[in-house]
Amino acid sequence: MLNELEHTAKVVGVKQVRRALADGRAKRLYLTQDADPQLTQPLARQAQEHGVDAVWVPSMKALGKACGIAVDAAVAAAI
């Protein structure tokens, strides 16, 4: 699943993902299991409300790497 992020347009971070979900641009949401639930749970609910699939990833490190950034990432969305 993370392979998709390597080869598609994406947004990373809570603010960018929230906007992409609200604008209807998000195709799939990626959330990490080791991130603060206060960050991830509202986005998971927002994705569900907008009919966007949510994928849970084991670690922030893995998500950051899949996004091609040098830091850990709690959330990302394929757009």
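## Charges first

Let's start with the charged side chains: the protein carries 10 positive and 8 negative ones, and the centres of the two sets sit 5 Å apart. Keep in mind that this is a predicted model.

As for the surface those side chains belong to, the accessible area of the protein comes to about 4600 Å². Carbon and sulfur atoms account for 50% of that area.

## Overall build

Walk along the chain from the N terminus and the elements go α-β-α-β-α-β-α-β. That gives 4 helices and 4 strands for the protein. The radius of gyration is 11 Å, close to the 12 Å the globule rule gives for 79 residues, so the protein is as compact as a globular protein of that length. If you'd like a feel for the dimensions, the C-alpha atoms fill a box of roughly 30 × 25 × 20 Å along the principal axes.

How much of the protein is buried? Buried residues make up 38% of the 79. Now for the contacts: among those with a separation of 6 or more, 76% are between residues 24 or more positions apart.

## Strands β2 and β3

Strand β2 covers residues 28-32, and 4 of its 5 residues are buried, so this strand is largely enclosed by the rest of the structure. Its partner here is strand β3, residues 53-57. The two pair in the parallel sense, over 5 bridges. For one spot to look up in the viewer, try Thr32, which stands opposite Val57 in β3.

## Helix α3: Gln46 and Pro42

Helix α3 spans residues 37-49 and holds Gln46. Is Gln46 buried or exposed? Its relative accessible area is 14%, and the cut-off for buried is under 20%, so Gln46 counts as buried. Which residues does Gln46 touch, leaving out those up to four places away in sequence? They are Arg18, Leu21 and Ala22.

Pro42 is found in helix α3 too, but its setting is another story. With a relative accessible area of 35%, Pro42 is partly exposed; that class takes in values between the 20% and 50% cut-offs. Pro42 and Trp56 are 14 residues apart along the chain, and their C-alpha atoms are separated by 14 Å.

Definitions and conventions
Residues numbered from 1 in each chain as written. Predicted model: local features only at pLDDT ≥ 70, side-chain atom pairs only at ≥ 80, totals over all residues. Heavy atoms only, no water. Rg over C-alpha atoms; globule rule 2.2 N^0.38 Å. Buried < 20%, exposed > 50% of the residue type's maximum accessible area, 1.4 Å probe, protein only. Contact = heavy atoms within 4.5 Å. Areas by Shrake-Rupley, 256 points an atom, 1.4 Å probe, with all protein chains shown as cover. Lys, Arg positive; Asp, Glu negative; His and termini not counted. Charge placed at Lys NZ, Arg CZ, Asp CG, Glu CD. Pairing = 2+ DSSP bridges.
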